[in-house]
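I am opening a notebook on a structure that is new to me. I will write down what I looked up and what I found, one topic to an entry.

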Amino acid sequence: MGIFRKAEKKLEGLVEGGFGRAFKSSVQPVELAHKLAKEMGEHKTVGVSNVYVPNEFDIYLGGDDHEHLSSFADSLKAELSSYVAAFARREGWTLVAPPQIELRRDDDLRLGEFGIATRTVTQPAAEAASAASAPPAGASAPPAGAYLPPAAALGFPAVAPAPTPGPLLDQTVLYQGPPPAAAPAAARAAAGAVLRGPQGQWELRESVTVVGRSRRCDIVLADPNVSRQHAEVRRQGDDYVVHDLGSTNGTRVNRRGVKQAVLRPGDRLEFGTTELRFERLP
């Protein structure tokens, strides 16, 4: 087990042990830590010499969960920022600026549900230089002898900004309640296809993937011309089939309006004014 994997386990233990006993809300900090790491991996961008991952995260919580977590928001955000930085370093990913995390209230979410919006945002050079020694956003510098976030306590160096900027991405993913029971091995096999577009790329891992504007969808498109639940892509054997869900502006494949269509590599799907390209993975 490598040093960073050991450090990750220590970080997880600190997050879970330090906060798991502090409240009885359905959303636990350790869940947030794991999902933030997952979203970095899902939305990474491969550059010429670096793999860029998001560095800004908005966590959307329902009213009750937001009230509970806000009572120690500064400490929580510092913990999560340290975890994100350590995880990215272990994986060899590049953060273009120190991670920033904000807690947002969304009354459309029920108890136990939370959404994560990710962005890759650079900062001016002067700010980046001072940020290397500054605490994460929303956290005040601790006084002498005070508790330090896990990354600092374990000796992780500050996350340096990349020499070149990454793209600007904005993704939101909704998580609902505790994770389901482990799926059969066949269902956990690597995804066989992806949808790629200007807002990012998504692996089609599930048997049904819902596309729409609502944060409850699997693929969230920030396009006012996209319906809240616009369409779904179903995996049927070795094929992928797109089904329109009665959307206002319809679904098109290669410029032709469809209610249902079997997808082929290179097909261009249009949802509102957003175009995604369907590709099979090797």
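**Entry 1: a serine in a loop.** Before looking at single residues I need a cut-off: a residue counts as buried when its relative accessible area is under 20%, as exposed when that area is over 50%, and as partly exposed in between. I also note at the outset that this is a predicted model. I then asked whether Ser214 is buried or exposed. Ser214 has a relative accessible area of 6%, and because buried means under 20%, it counts as buried. I located Ser214 in the loop between β9 and β10. Leaving aside neighbours within four places in sequence, I found Ser214 in contact with Val220 and Arg228. I also looked for polar partners, and a polar atom of the Ser214 side chain lies 3.0 Å from the backbone nitrogen of Arg216.

**Entry 2: the chain as a whole.** I stepped back to the overall counts and noted six helices and 17 strands in the protein chain. The chain has 282 residues, of which 46% count as buried. Its accessible surface comes to about 14300 Å², and carbon and sulfur atoms account for 52% of that. When I took the contacts between residues at least 6 apart in sequence, 65% of them joined residues at least 24 apart.

**Entry 3: a five-stranded sheet.** I followed an open sheet whose five strands come in the order β10-β9-β11-β12-β15, with mixed pairing. Its edge strands, each pairing on one side only, are β10 (219–220) and β15 (260–262). Working inward, I saw that β9 (residues 208–212) pairs with β11 (residues 231–236) in the antiparallel sense over four bridges, and that Thr209 stands opposite Val233 there. Strand β11 also pairs with β12 (residues 239–244), again antiparallel, over six bridges, and I noted Tyr240 of β12 as the bridge partner of Arg235. The hairpin of β11 and β12 has two residues between the strands, and in this hairpin Gly237 takes a positive phi near 65 degrees. Strands β12 and β15 run antiparallel and are joined by three bridges, with His243 standing opposite Gln260.

**Entry 4: the arginine ahead of β9.** Which loop holds Arg205? I found Arg205 in the loop between β8 (200–203) and β9. Its relative accessibility is 41%, so Arg205 counts as partly exposed. The side chains of Arg205 and Glu203 are joined by a polar contact of 2.7 Å. I also checked the backbone, where the C-alpha atoms of Arg205 and Gly192 are separated by 7.5 Å, although the two residues are 13 apart along the chain.

**Entry 5: the nonpolar cores.** How many residues does the largest nonpolar core have? I noted 26 residues, and those with the most contacts inside the core are Leu32, Leu36, Met40, Ile59, Leu69 and Leu80. At least two residues of this core come from each of α2 (29–42), β3 (56–61), α4 (73–91), β4 (100–105) and β5 (113–119), and α4 gives the most, with eight. I took Leu32 as a starting point and, leaving aside neighbours within four places in sequence, listed its contacts as Val27, Ile59, Leu69, Leu76, Leu80 and Phe114. Apart from this core lies another, of 20 residues, which includes Trp202, Val233, Leu269 and Leu276.

**Entry 6: helix α2.** I returned to α2, which has 14 residues and reaches 20 Å from its first C-alpha to its last, close to the 20 Å expected at 1.5 Å a residue. This helix is mostly covered, as ten of its 14 residues are buried. The buried residues include Leu32, Leu36 and Met40, and I had already listed these three among the residues with the most contacts inside the largest core. Since an α-helix has 3.6 residues a turn, residues three or four places apart point the same way.

**Entry 7: two positive phi values.** Most residues other than glycine have a negative phi, so I looked for residues that depart from this. Phi of Asn254 is near 55 degrees, and Arg255 has a positive phi of about 75 degrees although it is not a glycine. I found Asn254 in the loop between β13 (251–253) and β14 (256–258), and Arg255 is in the loop between β13 and β14 as well. Asn254 is partly exposed, with a relative accessible area of 38%, whereas Arg255, at 60%, counts as exposed.

Technical notes
Residues are numbered from 1 along each chain as its sequence is written. This is a predicted model: local features need pLDDT of at least 70, side-chain atom pairs count only at pLDDT 80 or more; totals for chains, interfaces and linings use all residues. Side-chain values use heavy atoms; hydrogens and water are left out. Buried means under 20% relative accessible area, exposed over 50%, partly exposed in between (1.4 Å probe, protein chains only). Contact means heavy atoms within 4.5 Å. Accessible areas come from the Shrake-Rupley method with a 1.4 Å probe; for residues, only the protein chains shown count as cover. Two strands pair if DSSP finds at least two bridges between them. A polar contact is a pair of N or O atoms within 3.5 Å; within protein, one must be able to donate a hydrogen and the other to accept it, and residues adjacent in sequence count only if both atoms are side-chain atoms. A nonpolar core is a set of buried Ala, Val, Leu, Ile, Met, Phe, Trp, Tyr and Cys residues joined through side-chain atoms within 4.5 Å. The expected span of a helix is 1.5 Å times one less than its number of residues.
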